[in-house]
Amino acid sequence: MAAAGTAPRRLSASSAIVSLAIVLAAVATCSSLGAEAAACSSHTFSGNGGGGGRLYASCADLPRLGAALHYNYTAATNTVSVAFRAPQGEDDGWVAWGINPSGRAGMVGTNAVVAFRRANGTLAAYPTVLESYAPSMAPSTPGDLAFPVSGVAAEHEAEGKEMVVYATVALPAGKGSKFTHVWQKGSAVVNDVPAAHPTTGDNVLSTATIDFSD
């Protein structure tokens, strides 16, 4: 027990500065997290293309390529409806999002949905399997896919300079709701086929794990 009359302990100037720095860092982190959450949750879809009137209960600002994923997960059927958005200011680029059923953090084996503008001005959207590091990017038949994909549609938001691809995915049976997902964008489409994306920087780091039930 402290003796009566003991003077209160005073913080040194350096200790006070450290404490203040910790508080400010915590406030900045909270503000940053709040801003990130608001970035995707405040987005409204224009109502054109396949997204008219669609609302999504969950969303995530993805850490690469300035992309975002909006989704509704239905536990009873283990299905997820998604809207993937990525910056695409020019009409000659493409975007893609998919799930790698193997669980590996890479593109090979990913079942994806891709969207772009054809040479005739119409939007293309379809599922495809990324069978190698130089995939054909051709449309896949239901028998080629590891899981059912439906409702695939595309939208180009001219005001936001974004391409959006919509789909409903029946998640692989027996694997729960947590998966490796992969997303991508490229700047060119040649003869109505998405051309190769850059192989450096964010374009080779755009993969993560997501639990749709969270």
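Helices, of type H or I with at least four residues, and strands, of type E with at least two, are taken as DSSP runs and numbered from the N terminus. The exercises below concern a predicted model.

**Exercise 1. State how many helices and strands the protein chain has, and in what order they run.**

Solution. Counting the elements gives one helix and 12 strands in the protein chain. Reading from the N terminus on, the order is α-β-β-β-β-β-β-β-β-β-β-β-β, with the helix ahead of the strands. As background to the chain as a whole, buried residues account for 37% of its 214 residues, and of the contacts between residues at least 6 apart in sequence, 57% join residues at least 24 apart. The accessible surface of the chain comes to about 11500 Å², and carbon and sulfur atoms hold 58% of that area.

**Exercise 2. For the open sheet that contains β1, give the strand order and explain why one side of each edge strand has no neighbour in the sheet.**

Solution. Begin with the order, which is β1-β2-β3-β8-β7 for this open sheet of five strands, with antiparallel pairing. The strands at the edges are β1 (58-61) and β7 (149-157), and because each has a single partner strand, one side of each is left without a neighbour in the sheet. From one strand to the next, the twist averages 15 degrees. Then take one pair inside the sheet: β2 (residues 68-74) and β3 (residues 79-87) run antiparallel and are joined by seven bridges, and H70 has A83 in β3 as its bridge partner.

**Exercise 3. Carry out the analysis for the open sheet that contains β12, and find which residue stands opposite V182.**

Solution. This open sheet of five strands follows the order β6-β5-β4-β9-β12, and its pairing is antiparallel. Its edge strands are β6 (123-129) and β12 (207-211), each of which pairs on one side only. Neighbouring strands are turned against each other by 20 degrees on average, with direction ignored. Between β9 (residues 178-186) and β12, which run antiparallel, there are five bridges, and V182 stands opposite T207 in β12.

**Exercise 4. Describe the largest pocket and the largest cavity by volume and by lining.**

Solution. Take the pocket as the opening step: its volume is about 480 Å³, and 27 residues line it, with M107, Y133, Q184, H197 and N203 lying nearest its centre. The elements that give two or more residues to this lining are β4 (94-100) and β9, and the largest share, four residues, comes from β4.

Turning to the cavity, the structure holds one of 30 Å³ or more, and the volume of the largest cavity is about 40 Å³. Its lining consists of W97, G98, I99, N111, A112, V113, F147, V149, A167 and V169. Two or more of these lining residues come from each of β4, β5 (111-117) and β8 (162-170).

**Exercise 5. Place S213 in the chain, decide whether S213 is buried, partly exposed or exposed, and name its contacts beyond four places in sequence.**

Solution. S213 belongs to the segment after β12. Since partly exposed covers the range between under 20% and over 50% relative accessible area, S213 counts as partly exposed because its relative accessibility is 43%. With neighbours within four places in sequence left aside, S213 is in contact with Y73 and S177. As a last step, the C-alpha atoms of S213 and T74 are separated by 8.3 Å, although these residues are 139 residues apart along the chain.

Terms used. Residues are numbered from 1 along each chain as its sequence is written. This is a predicted model: local features need pLDDT of at least 70, side-chain atom pairs count only at pLDDT 80 or more; totals for chains, interfaces and linings use all residues. Side-chain values use heavy atoms; hydrogens and water are left out. Two strands pair if DSSP finds at least two bridges between them. Axes are lines fitted to C-alpha atoms, for helices over the stretch in contact, and angles run from 0 to 180 degrees between N-to-C directions. Buried means under 20% relative accessible area, exposed over 50%, partly exposed in between (1.4 Å probe, protein chains only). Contact means heavy atoms within 4.5 Å. Accessible areas come from the Shrake-Rupley method with a 1.4 Å probe; for residues, only the protein chains shown count as cover. On a 1 Å grid over the protein atoms alone, a cavity is a set of points where a 1.4 Å probe fits but cannot get out, and a pocket is an open set with protein on both sides within 12 Å along at least five of seven lines; lining residues have an atom within 4 Å of a point. Grid points are joined across faces, edges and corners, and a volume is the space filled by probe spheres set on the points.
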